[in-house]
Every structure is written in C-alpha cells, then in structure tokens.
Amino acid sequence: MEEQPSHSSQAGDELGEKDVNKLLLQYLLLHRGTCEEAQLLKALSTLDGSGRNEQERQARLKKWITSVNLALNALDYKVVRARNRFGGWSYVYVDLEPANDTKGATTLSPDDLKFVQWAIQKFLDQKDTMQVEGAKSTVENAVDRILSEKFGKSSFDGLQLRVYHTCGSTELLQYTDLDAMAAEHLLVRLCQLRWFYETNEGRLGLDVRALAELQTYLRERYDVPTCVVCKELALEGVRCQCGASACHVACLGHFLTHVGTECVSCGSSLERAVYMV
Ligand SMILES: [Zn+2]
Ligand SMILES: [Zn+2]
C-alpha cells in the first residue's frame, strides 16, 4: 500500500501560497464579490502574517489576481480591478459574458435587468445642472475640502451648481411593470449586490459592480463623463460646466497638484465647476 504524499511542505501553521490564494478569493466572495483594495490588502497581511511593506503587499495582490484568474477563466468568471464611485480601487468578481448588454448580471432575472436598464436611463438622462440648495452630500463636502485647500478657505465658498447621476427612491418606485413593494425589494437586493448604492440622502446610483460589469454598455449608450486623471467612468465628483472634463473625488487632489486648477478643455476655473452627485 502506497503512502499518502505529505499534505504540505509548509512548516507548522504557516499557510502556503495556494491556501492564501484560495482564502482570499473566499473572502472576496463572502463580501458579495466586491472589496476595496485596502480591505483586501489587510486581509492578505492577516493571512500570510509576514511583515511585508505596502509595495510588497501590492505586488502579492497582483500575483493573486493573476493566479486566481487563471483558474476562474475556465468557468467564465474573472476578478477585475476597477475604479469605484469615488475613484479608488476595488476588486470585483464578474461574469465574463458579453458586456455590451446587461446580460452580465447573472444573478438577476431578465425582468430585473429590464428594471436596471430603466433605472440607468433615469440616472444618466437627467443632465441639467441646477443651483445647489439644501444640505450637501458626502461627495460635495469632500470636493469642498479638497478645493478649499487649493483656493484658500477664506475665498472658496463651495460650488454653485450640481448635476445628478442619482435618483430619489420614490422616483424609481414609479416603474410601471412592478408594484411598489416588488420594486422596493428589488432595490434592496440591487444595493446588497453592489449594483446600486443608496446615499444618506436617500438617493440611488450605480455602484462598483455596475461600473465594472456594464462599463461598455454605459459608454455605448450614454454620454458618460470620463475622469481626466484615471480615464475611467466618473459619475460622482466634479465636472466642468463645459461638460468636457470630469474628475473623481479620489483623483481631484492629483489633478490640482500635477495638472492645474483649470479645465483642460475650456480653461475655465474649477472654482466654477459642477458637483456630480
Ligand atoms: Zn479618476
Ligand atoms: Zn471646461
């Protein structure tokens, strides 16, 4: 009788690379298939317990995504590194099916997808700027902090205009093919799955899974703003009144430091820009 090969050459309780890779994928899936980069880096350092520095951990994460995608490729799934709504990096577990339509949304039924498409139209078709009134959103406050650091706290008094890429939930419950109760349930589910998010102000918009999986669909059908720094879709942050340049919150500091304070397209000052919320 042959002896079983020893399970692992790793000593004691130290995890091998394969185990770490597997556990990290499980961690991502347990978080409904989307994690921010910082979150995964933290999980990674907990798992492999070694005292790597930031750069080494980044490299390790890159190695992980390559190795995990080699395995997932056969199953038509993939982990992608994508910009999230604020312009930071997130990792999203996605279906590889064609992205030129909303078919990628595997866990959703065709009827659910019809609703998603209808909602996207609501989010992206309303492009009129309006005067800022009432309380500011988290994104607007973040933009203010960054701009006032550049223009001086005493002279900069916030932007005057905003454009919405989000909708109030009551507006989304007007969908005629579902009764209000069913639509509300679907909205909750879409938020859990990170297709949509809901702001503190009760507005809904497209979250990281939609941005990652529907990128081509969104670009083909809508005139969506692109961030001048990272070149990815930017639905939240700021854009120039001319509409030709936009910037994520996370990319705005970089722009002000390395590029300037004016729109790269029309030259108008960012002090007269428009919040995108
Ligand atoms: Zn950006
Ligand atoms: Zn401009």
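Two strands are said to pair if DSSP finds at least two bridges between them. With that in mind, we can turn to strand E1 and strand E3 (residues 89–95) of this predicted model, which pair in the antiparallel sense over three bridges. Within this part of the structure, Cys35 stands opposite Tyr91 in E3.

These strands belong to an open sheet of three strands, arranged in the order E1-E3-E2, and the pairing is antiparallel. At the edges lie strand E1 (34–36) and strand E2 (77–83), each of which pairs on one side only. If the direction of the strands is ignored, neighbours in this sheet are turned by 20° against each other on average.

From the sheet we can move to a pair of helices, namely helix H1 (residues 17–30) and helix H2 (residues 37–48), which pack at an angle of about 145° with their axes 10 Å apart, and whose crossing is right-handed. On the side of H1, the residues Val20, Leu23, Leu24 and Tyr27 take part, and they meet Leu40, Ala43, Leu44, Leu47 and Asp48 in H2. Sorted by class, this contact of H1 with H2 has eight nonpolar residues, one charged residue and no polar ones.

Finally, we can step back to the protein chain as a whole, whose secondary structure comes to 10 helices and 11 strands. Its C-alpha atoms fill a box of roughly 80 × 50 × 30 Å, taken along the principal axes, and of its 277 residues 30% count as buried. Among contacts between residues at least 6 apart in sequence, 59% join residues that are at least 24 apart.

Definitions and conventions
Residues numbered from 1 in each chain as written. Chains lettered and ligands numbered in written order. Predicted model: local features only at pLDDT ≥ 70, side-chain atom pairs only at ≥ 80, totals over all residues. Helix = DSSP H or I, 4+ residues; strand = E, 2+ residues; numbered from the N terminus. Buried ≥ 20, exposed ≤ 12 C-beta atoms within 10 Å, placed from the backbone. Contact = placed C-beta atoms within 7 Å. Axes fitted to C-alpha atoms, helices over the stretch in contact; angles between N-to-C directions. Left-handed = near helix turned anticlockwise from the far one by under 90°. Nonpolar A, V, L, I, M, F, W, Y, C, P; charged D, E, K, R; others polar.
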